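Biologist: Let us go through this model label by label. I will ask what each label rests on, and you answer from the values.

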Amino acid sequence: MNNRPATLFIPANTGIFVPSTTEAWIIRSGREPVPAPADPEDFWSRRSHAVAAALASARREDDARADDQVPPEILALAEQAARAWDMKVTGMTVAATKPEKGWGAIWRIETNRGTRALKLLHRPFERNLFSIGAQEYLVKQKARVAPLVPTRDGKLYTVVGGRMFIVAEWIQGLRQAPKETIDGPEMLCYGLGEFHRRSRGYQPPPGAYHASRLHRWPRVYQKLRTKLDWFEHLARAYRDMPASPLLLEVLPRFRSQADEAIRLLEESAYRDLIARGDQEWGLAHQDYGWSNGQIGPDGKVWIIDLDGVAFDLAFRDLRKLITGTMDDRGDWDVGWMRAMIRAYNEANPLEPAALQVMLIDMLLPNEFYKLVKDALFDPGMMLDATMVAALQRLLVTDERKQRALAELGLKRRR
């Protein structure tokens, strides 16, 4: 067996945590790679200052751009793109931006043909074709998504300066579902079930990237499990930080949960379910929640921001919505969880095998990972007393989560 450590080449000035078992070399532009600093504390202390400086610089740029929100060169592209449609634009208002993702943006535009949305897509061209085709298909299937408006030459998009733009009808009067009572989550779950059911049978257009996550679940589970080991290296390198002792203490608990989820998924009906294929399961939104599922003037849920849709075991959207809601509430109320599943089932019934796979997906310690993942990029700032309090809260809520999963019928091997 080769016992030499793995070698990792990383770009300079990158916030990547390198375990002590890995040999790392820094790649510098136009120069030979050099070994990374052997002392993790020395490396991380410098990374901490670099990250803090970058964050401060970004905040200053955001403040300076508070009025404009969009760089002038991006706005110029948007104004030029709008001319591809048969409409006269009389006003443009920024509705949302994604500067961290290569500048995506949405404008609410007033036109002689009514209010519309002009959207700059931030993903690669072929990936955008997949989501554009999905949105068109969903409209034809009478899903509650905004219809796309064809350009003058009949296309559903235009490209200006190498950037892709679309125009959709603006759905007036959208509002967030209430969070205080179960009514809101039930509405979101029913609307999600409708969306999943109507998305079945979608065939991407020619030239589109085939976005499918159907076969990725085991790899995603294993990737999360691997990262849990990284946190141990991190806590030991920063053993003097307030949160490090508690992080080391709780890691075995969440490692065990990840190991069990990996084992249960392998023993479950997962392989049989994905064998049915993409069209059978339809599209998962991937980022569904209170902002992207909103109540329209008809009292029904409209689903927006379809950029990230992909083939998947679509009930993963439901898992994310339930666990996100429960984690925010901190109580893992089984009554709420059952009501959310029941509302989804009314629109798109879940068979017992699919429900079991969804419960396994809930077992994976996603809440723990989300809480501590940023420490990989700035441990000097993140492993503080605030993290101690957050970990203590998570331990309490995780006890409730495990009881809830048992009540919902998660079959765990003893």
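Biologist: How many helices and strands are there in the chain?

Modeller: The chain has 14 helices and 12 strands. Keep in mind that this is a predicted model.

Biologist: What share of the residues is buried?

Modeller: Of the 414 residues in the chain, 46% are buried. The cut-off for that label is under 20% relative accessible area.

Biologist: How do you know that contacts join residues far apart in sequence?

Modeller: Take the contacts between residues at least 6 apart in sequence. Of these, 72% join residues at least 24 apart.

Biologist: And what is the accessible surface of the chain?

Modeller: It comes to about 20500 Å², and 51% of that belongs to carbon and sulfur atoms.

Biologist: Now the charges. What makes E169 and R116 a salt bridge?

Modeller: The cut-off is a Lys or Arg side-chain nitrogen within 4 Å of a carboxyl oxygen of Asp or Glu. The side chains of E169 and R116 meet at 3.8 Å, N to O. The pair therefore qualifies. E169 sits in strand β8 and R116 in strand β6, 53 residues apart.

Biologist: Why is R116 called buried, and E169 partly exposed?

Modeller: R116 has 7% relative accessibility. Buried means under 20%, so R116 counts as buried. E169 has 30%. That value falls between 20% and 50%, so E169 is partly exposed.

Biologist: What makes K140 and E136 a salt bridge?

Modeller: Their closest N and O atoms are 3.8 Å apart, and the limit is 4 Å. Both residues lie in helix α3, 4 residues apart, about one turn of the helix.

Biologist: Why is K140 called exposed, but E136 partly exposed?

Modeller: Exposed means over 50%. K140 has a relative accessible area of 60%, so K140 is exposed. E136 has 33%, so the label there is partly exposed.

Biologist: How do you know that E399 and R253 tie together distant parts of the sequence?

Modeller: First, the pair is a salt bridge, with the closest N and O atoms 3.3 Å apart. E399 lies in helix α14 and R253 in helix α6, so the pair ties together parts 146 residues apart in sequence. Both residues are partly exposed: E399 has a relative accessible area of 37%, R253 one of 28%.

Biologist: What makes R225, D229, E232, R236, R255 and D259 one network?

Modeller: Salt bridges that share partners join them. The structure holds 23 salt bridges.

Biologist: Which residues gather in the patch of positive charge on the surface?

Modeller: R213, R216, R219, K223, K320, K370 and K373. K320 lies in helix α9.

Biologist: How do you know that K320 is accessible enough for a patch?

Modeller: A patch residue needs over 30% relative accessible area. K320 has 31%, so K320 passes that cut-off.

Biologist: Last, the backbone. What is the phi of Q286, and of W332?

Modeller: Phi of Q286 is near 80°, a positive value in a residue other than glycine. W332 has a positive phi of about 45° and is not a glycine either. Q286 is in the loop between β9 and β10. W332 is in the loop between α9 and α10.

Biologist: Why are Q286 and W332 called buried?

Modeller: Q286 has a relative accessible area of 16%, and W332 has 4%. Both values are under 20%, so both residues are buried.

Key: Residues are numbered from 1 along each chain as its sequence is written. This is a predicted model: local features need pLDDT of at least 70, side-chain atom pairs count only at pLDDT 80 or more; totals for chains, interfaces and linings use all residues. Side-chain values use heavy atoms; hydrogens and water are left out. Patches are made of residues with over 30% relative accessible area and no salt bridge: like charges are joined within 9 Å, nonpolar side chains (Val, Leu, Ile, Met, Phe, Trp, Tyr) within 5 Å. Accessible areas come from the Shrake-Rupley method with a 1.4 Å probe; for residues, only the protein chains shown count as cover. Lys and Arg count as positive and Asp and Glu as negative; His and the chain ends are not counted. The place of a charge is taken as NZ of Lys, CZ of Arg, CG of Asp or CD of Glu. Helices (H or I, at least four residues) and strands (E, at least two) are DSSP runs, numbered from the N terminus. Buried means under 20% relative accessible area, exposed over 50%, partly exposed in between (1.4 Å probe, protein chains only). Contact means heavy atoms within 4.5 Å.
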